Amino acid sequence: MPLSSNPTVAAQRLAALRQLGISIAIDDFGTGYSSLALLSRFPFTRLKIDGSFVAGYGQRHEATTIVDMIIDLCRHLDLSITAEGVESSRQAELLSAKGVALAQGYRFSRAVPVENVQALLRRRWRVQMALPARDRQLLAYKS
């Protein structure tokens, strides 16, 4: 059931899940049906930043500004963050420097068969934090 089809029932069901300790994420934030209004209406615990914004992070001023604003919004609303569509080490480093602890995308793995999932989950992903000066400047404009 889309949240928008019966928001009252959806809010009640999500609240019941939250009472059981279940985390709830809003996916593809910034596109389609995932809007700011949903953040005030439903008990989300995590926001997943849409990959279309992450794709330009650290490359285009507009994309970087939008992602940084979403990160700030999550901090103010006490929401955990996942960056979708992380494809490069540079994106992972920049996002990590902004405090984004979880990311998904081809930088880490392409889709794998079910029999390979356990090995993938055991892998430790390290992000190097030695940012070049140009990247430190990019991050500093909002700080």
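**Figure 1. Salt bridge between lysine 48 and glutamate 84 in the predicted model**. The closest N and O atoms of lysine 48 and glutamate 84 are 3.8 Å apart. Lysine 48 belongs to strand E2, whereas glutamate 84 is placed in the loop between E3 and H5, so this salt bridge ties together parts of the chain that are 36 residues apart in sequence. Both partners, lysine 48 and glutamate 84, are buried. For lysine 48 the relative accessible area is 18%, and the residue is classed as buried because the cut-off for that class is under 20%.

**Figure 2. Salt bridge between lysine 48 and aspartate 27**. The side chains of lysine 48 and aspartate 27 meet with an N to O distance of 3.7 Å. The pair links distant parts of the chain, with lysine 48 in strand E2 and aspartate 27 in strand E1, 21 residues apart. Aspartate 27 counts as partly exposed because its relative accessibility is 38%, whereas lysine 48 is buried. Taken with the contact shown in Figure 1, this salt bridge places Asp27, Lys48 and Glu84 in one network of salt bridges.

**Figure 3. Salt bridge between arginine 75 and aspartate 72 within helix H4**. A search of the whole structure finds three salt bridges, and one of them joins arginine 75 to aspartate 72, with the closest N and O atoms 3.6 Å apart. Both residues lie in helix H4, where a separation of three residues corresponds to about one turn of the helix. Arginine 75 is partly exposed, with a relative accessible area of 47%. Aspartate 72 is also partly exposed, its relative accessible area being 27%.

**Figure 4. The largest nonpolar core and the contacts of leucine 95**. This core has 27 residues, of which Phe44, Leu47, Ile49 and Leu95 touch the most other members. At least two core residues come from each of helix H1 (7–19), strand E1 (25–29), helix H2 (36–41), strand E2 (46–49), helix H3 (51–54), H4, E3 and helix H5 (89–97). The contribution of H4, four residues, is the most that any element gives to this core. When residues up to four places away in sequence are not counted, leucine 95 touches Val54, Tyr57, Val67, Ile71, Ala83, Val86 and Val100.

**Figure 5. Surroundings of leucine 79**. Leucine 79 is found in the loop between helix H4 (61–77) and strand E3 (80–83). With 12% relative accessibility, leucine 79 counts as buried. Apart from residues up to four places away in sequence, leucine 79 touches Leu39, Phe44, Thr45, Arg46, Leu47 and Cys74. Among these contacts are Phe44 and Leu47, which also appear among the core residues that touch the most other members. The C-alpha atoms of leucine 79 and arginine 46 are 5.0 Å apart in space, although the two residues are 33 residues apart in sequence.

**Figure 6. Nonpolar surface patch that includes valine 112**. Val112, Val114, Val117 and Leu121 make up a nonpolar patch of about 360 Å² on the surface. Valine 112 lies in the loop between strand E4 (102–103) and helix H6 (117–122). Its relative accessibility is 34%, so valine 112 counts as partly exposed. This value meets the requirement for patch residues, because they must have over 30% relative accessible area.

Note on methods:
Residues numbered from 1 in each chain as written. Predicted model: local features only at pLDDT ≥ 70, side-chain atom pairs only at ≥ 80, totals over all residues. Heavy atoms only, no water. Patch = residues over 30% accessible without salt bridge, like charges linked within 9 Å, V, L, I, M, F, W, Y side chains within 5 Å. Areas by Shrake-Rupley, 256 points an atom, 1.4 Å probe, with all protein chains shown as cover. Salt bridge = Lys/Arg side-chain N within 4 Å of Asp/Glu carboxyl O. Buried < 20%, exposed > 50% of the residue type's maximum accessible area, 1.4 Å probe, protein only. Contact = heavy atoms within 4.5 Å. Core = buried A, V, L, I, M, F, W, Y, C linked by side-chain atoms within 4.5 Å.
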